[in-house]
Amino acid sequence: MGELRLMKGNEVIAEAAIRCGCDGYFGYPITPQSEVMETLMTLRPWETTGMVVLQAESEIASIHMVYGAAGAGKRVMTSSSSPGISLMAEGISYIAGSELPCVIVNVQRGGPGLGTIQPSQADYNQATKGGGHGDYSLLVLAPASVQEMHDFVILGFELAFKFRNPVMILADGVIGQLMEKVELIDQRPRWTNEQILEISGNWATIGKPSSRKKHVITSLEMDSNMMENNNLRLQAKYTQMKDEEVRYEAIACEDADYIVVAFGSAARICQKTVQIARKKGIKVGLIRPITLFPFPEKIIAEYAAKVKGFLSVEFNAGQMVNDIRLAVNGVTKVEYFGRMGGIVPTPDEVEDALEQRFLIGDL
Amino acid sequence: MTEEIIIAGFGGQGVLSMGKILAYSGVMQDQEVAWFPSYGPEMRGGTANVTVILSDERISSPILHEFDTAIILNQQSMDKFESRVKTGGMLLYDPNGILHHPTRKDITILKVEGSRLAVEMGNPLTFNMIVLGAFLKAKPVIKLENVKKGLEKSLPERHHKLIPLNLQAIEIGQEHLVVVQTV
């Protein structure tokens with residue numbers, strides 16, 4: 001068993017990055033995730049593993065530092081919160097277009113604009129439907145505990161390299177500031193140049209021997225036929241993600257009449273809602289999408305035939321509910337409940353909403 | 001066992017660190033724990049509060065409407081959280097600066113003169129540990145030896161010399177718990 005610690009979600013992002021052998025972190029501070037870089041600066045990994053930690057002059061600079069280092073086959077990451085991620089959108093589109101692996105953490109706060117520093121999930125659409133321009137997708141992981149903040153950094157790098165695609169960890173202010181028990185992995189070494197050659201030698205720009213053609217990292221292609229081929233290759237990759245990487249957790253769904261769908265900290269709140277509702281004799285289950293892209297549409301479609309309704313619970317105006325509606329395809333009722341602007345609903349409030357939406361007519 | 005606690009007072013009273021020590025002590029006792037603070041401008045003064053959950057099982061929501069225990073350290077927090085104690089639950093408060101004392105009849109109400117005792121001890125900073133002591137007397141959810149381990153784990157090495165003082169403050173809190181009403 002690894003070392004057990006009590007840590008904040010933000011702190012554990014930094015700790016996990018160092019321990020899994022990350023080569024570089026480039027970022028710019030913003031609430032509610034400033035502890036990520038603070039922790040890295042305190043731990044000074046450049047003195048131990050050799051990991052680079054750099055505070056860039058802006059979010060735009062930091063994402064392009066990630067772009068450059070990822071092109072060299074390095075395991076690199078950045079983190080920010082909502083307005084900062086918007087600034088990064090152009091760079092993220094370029095990284096996706098150039099097919100480079102990296103991990104991007106978004107500890108969401110309320111928007112739009114500068115908004116509030118309190119928790120929110122209003123960047124669901126931005127994270128899962130692009131955010132930058134062009135037909136691209138990020139692989140999006142939604143942690144619901146401090147342990148998952150840790151685990152998803154490690155998993156994030158694995159998936160980023162498996163698909164040569166940016167992976168986003170979509171957290172929120174609750175999970176970032178929450179402190180829980182976490183089991184840390186033992187320190188792993190950073191990849192050596194030989195390992196990088198072996199893992200990414202067929203695309204990374206790591207020095208060209210005379211025996212091969214040069215590698216070019218770019219998203220630019222002036223020939224439309226070639227560009228369409230590039231797009232088809234990306235789309236094939238996203239299809240493969242849908243086939244191989246869907247993750248979710250289903251709690252108390254077997255006998256459920258109603259299923260609540262929620263991700264991240266909203267799912268934690270809804271777990272309690274399920275307990276409260278079941279005490280009242282209402283059979284409620286919970287599906288927690290862990291990957292938001294690829295979305296767990298099959299399991300939702302399966303349950304659509306069995307339940308009287310789904311309730312999507314989000315800290316936004318109703319974004320994921322549209323993905324649920326697509327999966328359900330009119331087979332049963334799909335409702336939404338949420339709060340905005342940094343307000344986090346309590347489990348009782350959600351339970352109330354569930355009764356309002358589904359049970360008032362039945363009673 | 002699951003114990004859902006809110007600790008609320010002014011920023012600077014040691015509300016968050018009291019919660020942290022409680023959470024660390026829970027870890028030392030092999031429990032599941034969650035610590036969730038109010039964050040943002042509160043850190044610069046004004047009200048601060050933290051939810052601490054200790055449990056033998058996986059913890060669901062760190063955001064709660066009702067609590068088993070409310071530890072209240074100023075009037076604003078009394079106004080906000082008295083109504084959010086579960087029926088049959090417990091409210092522990094420091095009467096210093098409280099104008100409107102709790103009036104509910106369906107909860108246990110306890111008090112401890114934390115700020116006065118801390119001044120008498122000659123160290124106002126021990127205030128939060130006195131209150132923690134009173135809480136642990138009322139609800140012995142954590143063994144004292146695990147609180148000591150929790151202090152060792154949560155305080156940086158350079159502050160370890162302060163652990164005996166903190167333990168003394170906990171003891172004083174335990175001795176000065178006053179029962180106002182029980183249910």
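This report describes the fold of chain A, its contact with chain B, and the sheet that the two chains share.

**Model and conventions**

The structure is a predicted model, in which local features need pLDDT of at least 70, side-chain atom pairs count only at pLDDT 80 or more, and totals for chains, interfaces and linings use all residues. Residues are numbered from 1 along each chain as its sequence is written, while chains are lettered from A and ligands numbered from 1 in the order in which they are written. The model scores ipTM 0.91 and pTM 0.95. For chain B the average pLDDT (the predictor's confidence in each residue, from 0 to 100) is 93, and 97% of the residues score at least 70. Where pLDDT is low, the predicted coordinates should not be read in detail.

**Overall form of chain A**

Chain A holds 13 helices and 14 strands; helices (H or I, at least four residues) and strands (E, at least two) are DSSP runs, numbered from the N terminus. The radius of gyration of chain A is 21 Å, close to the 21 Å that the globule rule gives for 363 residues, so chain A is as compact as a globular protein of that length. This radius is taken over C-alpha atoms, and the globule rule is 2.2 Å times the number of residues to the power 0.38. The C-alpha trace of chain A spans about 75 × 50 × 40 Å along its principal axes.

Of the 363 residues in chain A, 52% are buried. A residue is buried if 20 or more other C-beta atoms lie within 10 Å of its own, exposed if 12 or fewer, and partly exposed in between, with C-beta atoms placed from the backbone. Among the contacts in chain A with a separation of 6 or more, 79% are between residues 24 or more positions apart; two residues are in contact if their C-beta atoms, placed from the backbone, lie within 7 Å.

**The seven-stranded sheet of chain A**

An open sheet of seven strands in chain A follows the order S3-S2-S4-S5-S7-S6-S12, with mixed pairing. Its edge strands, S3 (52–55) and S12 (291–293) of chain A, each pair on one side only. On average, neighbouring strands of this sheet are turned by 20° against each other, direction ignored. Two strands pair if DSSP finds at least two bridges between them.

Val76(A) belongs to strand S4 of chain A and counts as buried, with 27 C-beta neighbours inside 10 Å. Leaving aside neighbours within four places in sequence, Val76(A) has contacts that include Cys22(A), Asp23(A), Val66(A) and Cys102(A). Met51(A) is 25 residues from Val76(A) along the chain, and their C-alpha atoms are separated by 9.3 Å.

**Contact between the chains**

In the interface, 19 residues of chain A are in contact with 17 residues of chain B. Helix H7 (173–177), strand S8 (179–184), helix H10 (264–279) and helix H13 (347–359) of chain A are the elements that give two or more residues to the side touching chain B. H10(A) supplies the largest share, five residues. The residues on this side of chain A divide into nine nonpolar, five polar and five charged. Here Ala, Val, Leu, Ile, Met, Phe, Trp, Tyr, Cys and Pro count as nonpolar, Asp, Glu, Lys and Arg as charged, and the others, Gly among them, as polar.

**The sheet shared by both chains**

Nine strands form an open sheet in the order S1(A)-S8(A)-S2(B)-S3(B)-S1(B)-S4(B)-S5(B)-S6(B)-S7(B), again with mixed pairing. The edge strands are S1 (3–8) of chain A and S7 (178–181) of chain B, each pairing on one side only. Neighbouring strands of this sheet are turned by 25° against each other on average, direction ignored.

Selected strand pairs from both sheets are listed below.

| Strand pair | Sense | Bridges |
|---|---|---|
| S4(A) and S5(A) | parallel | four bridges |
| S8(A) and S2(B) | antiparallel | two bridges |
| S2(B) and S3(B) | antiparallel | six bridges |
| S1(B) and S4(B) | parallel | four bridges |

Individual residues locate these pairings. Ser80(A) has Asn106(A) as its bridge partner in S5(A), and Glu180(A) stands opposite Ala34(B) in S2(B). Val33(B) stands opposite Leu54(B) in S3(B), and the bridge partner of Ile6(B) in S4(B) is Ala70(B). S2(B) is mostly covered, with five of its six residues buried.

Helices lie across this sheet in both chains. Helix H6 (residues 146–163) of chain A lies across S1 and S8 of chain A, running at about 40° to S8(A). Helix H4 (residues 127–138) of chain B lies across S4, S5 (85–93) and S6 (108–111) of chain B, at about 145° to S5(B). Axes are lines fitted to C-alpha atoms, for helices over the stretch in contact, and angles run from 0 to 180 degrees between N-to-C directions.
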